[in-house]
Amino acid sequence: MLVFGEVELNKKQKMHLTKQDILDSDRIKRLNMINSLTGIKPGNIVGSISNDGKTNLAIISSVVHLSSKPGLIGFIMRPHGEVKRDTYNNICENGYFTINHIPTSHAEQAHYTSAKFDTDISEFDRCGFTEQYIEGFKAPFVEESNIKMGLKLVEEIEIKSSNTKMLVGEIQHVIIPDNAINETGYINLEKAASAGISGLNSYYKLEFLDSYPYARVEDVPEF
Ligand SMILES: Cc1cc2nc3c(=O)[nH]c(=O)nc-3n(C[C@H](O)[C@H](O)[C@H](O)COP(=O)(O)O)c2cc1C
């Protein structure tokens with residue numbers, strides 16, 4: 001029998017939680033459940049650097065594509081009240097950052113970049129990643145990542161209901177292995193060995209399932 005707050009369920013039954021059940025449940029269980037609820041999230045580590053040259057890496061699962069022309073990518077920065085936020089401070093300081101896919105071979109190292117290290121300690125060194133630079137671009141890339149992009153901060157959007165911010169970056173550089181992208185531009189995440197994330201501590205390998213043509217009404221098969 002699984003127990004969630006006041007709700008008990010037999011494994012064969014499906015759990016139904018109301019807003020009140022969720023509010024009444026144990027804090028950690030609620031946090032884990034809500035964080036896993038949206039399904040697989042992209043696994044990325046964000047690279048940044050302060051103006052005095054201190055590098056930083058932070059695992060971020062909230063990365064989302066916003067537009068292709070210009071290429072815009074956003075991610076959610078959680079509230080930073082009493083918590084220090086090296087990533088946020090660095091990006092605001094110099095306006096540049098990188099987003100690097102987590103390779104499945106380095107999921108554990110990527111996970112530990114979330115620890116609250118002192119600003120003087122670089123997660124690159126402490127968590128076993130290698131800094132990589134592109135001439136003329138300030139922020140550090142992760143050498144071990146197969147897919148990575150360099151971005152310029154263009155907007156910071158306040159989300160009042162969650163006390164978070166969305167940072168929007170415009171893509172300046174993209175690096176993709178030749179064997180992971182096809183002639184129409186589709187990226188195969190299985191070939192790139194990119195990891196997916198569920199919740200705050202579970203990592204997945206991704207397996208390519210299938211791809212389908214653009215969905216025109218007249219082409220929809222009979223199901
Ligand atoms: C799986 C996972 C996903 C995370 N996703 C985010 C996220 O999307 N946004 C965020 O602000 N913090 C996220 N975090 C927390 C940051 O990684 C953590 O606060 C990090 O230490 C920020 O460090 P900094 O002080 O070096 O910037 C996540 C942590 C984990 C373990």
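Student: What share of the contacts in the protein with a separation of 6 or more is accounted for by residues 24 or more positions apart?

Tutor: In this predicted model, that share is 58%. As for the overall dimensions, the C-alpha trace spans about 55 × 55 × 35 Å along its principal axes. The protein has 5 helices and 14 strands, and 26% of its 223 residues count as buried.

Student: Into which domains is the protein divided, and how many Å apart do their C-alpha centres lie?

Tutor: The division gives domain 1, covering 2-36, and domain 2, covering 41-205. Their C-alpha centres are separated by 31 Å.

Student: How should one read the largest nonpolar core, and which residues touch the most other members?

Tutor: The general idea is that nonpolar side chains tend to be buried together in soluble globular proteins. Here the largest nonpolar core holds 27 residues, and those touching the most other members are Ile-45, Val-46, Leu-57, Ala-58 and Phe-97. At least two residues of this core come from each of β4, β5, β7, α3, β8, β10 (141-142), β11 and β13. The largest share, 4 residues, is supplied by β5.

Student: Which residues does Leu-57 touch, not counting residues up to four places away in sequence?

Tutor: With that exclusion, Leu-57 touches Ile-45, Gly-47, Thr-113, Glu-123, Phe-124, Cys-127 and Phe-129.

Student: How is a helix such as α3 to be read, and which of its residues are buried?

Tutor: An α-helix has 3.6 residues a turn, so residues three or four places apart point the same way. In α3, the buried residues are Asp-86, Thr-87, Tyr-88, Asn-90 and Ile-91. The buried residues of α3 pack against β4 (44-49), β5, β7, β8 (96-101), β11 (148-159) and β12. After α3 comes Gly-95, with a positive phi near 80 degrees.

Student: Which residues come nearest to the ligand?

Tutor: There are 19 residues around the ligand, and Ala-58, Ser-62, Arg-78, Thr-87 and Ser-114 come nearest. The elements giving two or more residues to this shell are β5 (55-60), β7 (71-77) and α3 (86-94). The largest share of the shell, 4 residues, comes from β5. Sorted by class, the shell contains 8 nonpolar, 6 polar and 5 charged residues. Two of the nearest residues can be placed in the preceding picture: Ala-58 is among the core residues that touch the most other members, and Thr-87 is one of the buried residues of α3.

Student: How does one read a sheet, and in what order do the strands of the open sheet with β13 stand?

Tutor: In general, strands of a sheet pair through backbone hydrogen bonds, either parallel or antiparallel. In this case, 3 strands form an open sheet in the order β3-β13-β14, with antiparallel pairing. The edges are β3 (41-42) and β14 (202-205); each has a single partner strand, so one side of each is left without a neighbour in the sheet. The antiparallel pairing of β3 with β13 runs over 2 bridges, and Lys-41 has Ile-197 in β13 as its bridge partner.

Student: Is Asp-178 buried or exposed?

Tutor: Asp-178 counts as exposed because it has 5 C-beta neighbours inside 10 Å, and a residue is classed as exposed at 12 or fewer. Asp-178 is located in the loop between β12 (164-175) and β13 (195-198). From Asp-178 to Ala-192, the separation is 14 residues in sequence and 9.7 Å in space, C-alpha to C-alpha.

Notes:
Residues are numbered from 1 along each chain as its sequence is written. This is a predicted model: local features need pLDDT of at least 70, side-chain atom pairs count only at pLDDT 80 or more; totals for chains, interfaces and linings use all residues. A residue is near a molecule or strand if its C-beta atom, placed from the backbone, lies within 6 Å of it. Ala, Val, Leu, Ile, Met, Phe, Trp, Tyr, Cys and Pro count as nonpolar, Asp, Glu, Lys and Arg as charged, and the others, Gly among them, as polar. Domain bounds come from an automatic or database domain assignment. A residue is buried if 20 or more other C-beta atoms lie within 10 Å of its own, exposed if 12 or fewer, and partly exposed in between; C-beta atoms are placed from the backbone. Two residues are in contact if their C-beta atoms, placed from the backbone, lie within 7 Å. A nonpolar core is a set of buried Ala, Val, Leu, Ile, Met, Phe, Trp, Tyr and Cys residues joined through C-beta atoms within 7 Å. Two strands pair if DSSP finds at least two bridges between them.
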